[in-house]
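I opened my notebook today to go through a new model and jot down what I looked up. Here is what goes on the page, in the order I checked things.

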Amino acid sequence: MMKVLFLFLLTIISPVLLRAQMDYYIKDSTMKAGIDLINNTDSKNAQFCQIQEGEKSLTYTPYQISEYGFANGRVYKSFPITIKDSTTRLFLERIVEGKLNLYYLKTKQCRKRYFIIKASSSTLIEIPREKYNFQKIVLSQTNDNPSALETIKYVKYSSYYLQHL
C-alpha cells in the first residue's frame with residue numbers, strides 16, 4: 001500500500017519538479033520539458049516562443065502553444081489581447097502567481113501594459129495607466145486584503161510596485 005501511495009505521489013509531483021527546473025512549453029495540454037528556449041527581448045517573447053534544436057530554431061506563436069517557461073522561473077502564458085481595435089493572441093509574462101496573478105506585456109512600440117486575473121477566474125483585466133483608475137481596478141480585485149487599502153496609495157504603475165502590493 002505504501003509503495004502504491006509513493007508511486008502515485010511521485011507521478012503527481014514529477015511534472016511540477018520538471019517544470020520548475022527546466023525550460024518547457026505546453027501544447028495541447030501536453031508539456032515538453034528539457035528543451036532549449038531562446039530568451040529574446042520582452043516584446044519578442046510576447047510575440048513568439050523560440051526553441052533551439054541543434055543548428056536550427058523552431059518558432060511557436062501564442063496560437064500554437066498555451067504557455068512556456070524558462071528554468072529561471074520566467075513564465076509566459078497566451079491570452080487574447082486587444083490592441084487598438086483588433087484582438088490578437090500574445091504571450092504575457094507572469095510576474096506574480098497566487099490568489100491574484102499579475103501579468104506584464106511590452107508591446108512592439110515599447111509600451112508597458114499590466115493585467116490581473118484571479119486564480120479562480122478566467123477573465124483577464126487590464127490595469128489602466130491613469131492613477132485613479134488603476135488604483136480602483138486593483139482595489140476591486142484585492143478587496144479580501146485589508147492592507148491593500150493603505151498600500152495602494154503609494155503604488156506606481158510599474159512591475160516593481162505592482163508585484164509588491
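Which residues does Arg-74 touch, not counting residues up to four places away in sequence? I should say at once that I am reading a predicted model. I found that Arg-74 touches Asn-39, Asp-42, Asn-45, Tyr-68, Gly-69 and Glu-93.

**Entry: around Arg-74.** I placed Arg-74 in the loop between β6 and β7. I then looked for a polar partner, and the side chain of Arg-74 makes a polar contact with the side chain of Asp-42, at 3.2 Å. So Asp-42 appears twice in my notes, as a residue that Arg-74 touches and as its polar partner.

**Entry: the strands flanking that loop.** I went on to β6 (residues 67–69) and β7 (residues 75–83), which pair in the antiparallel sense over 3 bridges. I looked up who faces Glu-67, and Lys-77 in β7 stands opposite.

**Entry: the whole sheet.** I traced the strands outward from this pair. The sheet is open and has 8 strands, in the order β2-β1-β6-β7-β8-β9-β10-β11, with antiparallel pairing. At the edges I noted β2 (30–35) and β11 (125–127), each of which pairs on one side only. From one strand to the next, the twist averages 35°.

**Entry: positive phi in the β1–β2 loop.** I checked the backbone of the loop between β1 (23–27) and β2, where Asp-28 lies. The phi of Asp-28 is near 50°, a positive value in a residue other than glycine. Ser-29 is in the loop between β1 and β2 too, and I read a positive phi of about 60° there, although Ser-29 is not a glycine.

Are these two buried or exposed? Asp-28 has a relative accessible area of 64%, so I wrote it down as exposed. Ser-29 counts as exposed because its relative accessibility is 72%, and the cut-off I applied is over 50%.

**Entry: Thr-107.** My last stop was the loop between β9 (100–106) and β10 (112–118), where Thr-107 lies. Is Thr-107 buried or exposed? Its relative accessible area is 8%, so Thr-107 is buried; the limit for that label is under 20%. Leaving aside neighbours within four places in sequence, I listed Ser-43 and Arg-113 as the contacts of Thr-107.

Note on methods: Residues numbered from 1 in each chain as written. Predicted model: local features only at pLDDT ≥ 70, side-chain atom pairs only at ≥ 80, totals over all residues. Heavy atoms only, no water. Pairing = 2+ DSSP bridges. Helix = DSSP H or I, 4+ residues; strand = E, 2+ residues; numbered from the N terminus. Axes fitted to C-alpha atoms, helices over the stretch in contact; angles between N-to-C directions. Buried < 20%, exposed > 50% of the residue type's maximum accessible area, 1.4 Å probe, protein only. Polar contact = N/O pair within 3.5 Å; in protein donor to acceptor, adjacent residues only side chain to side chain. Contact = heavy atoms within 4.5 Å.
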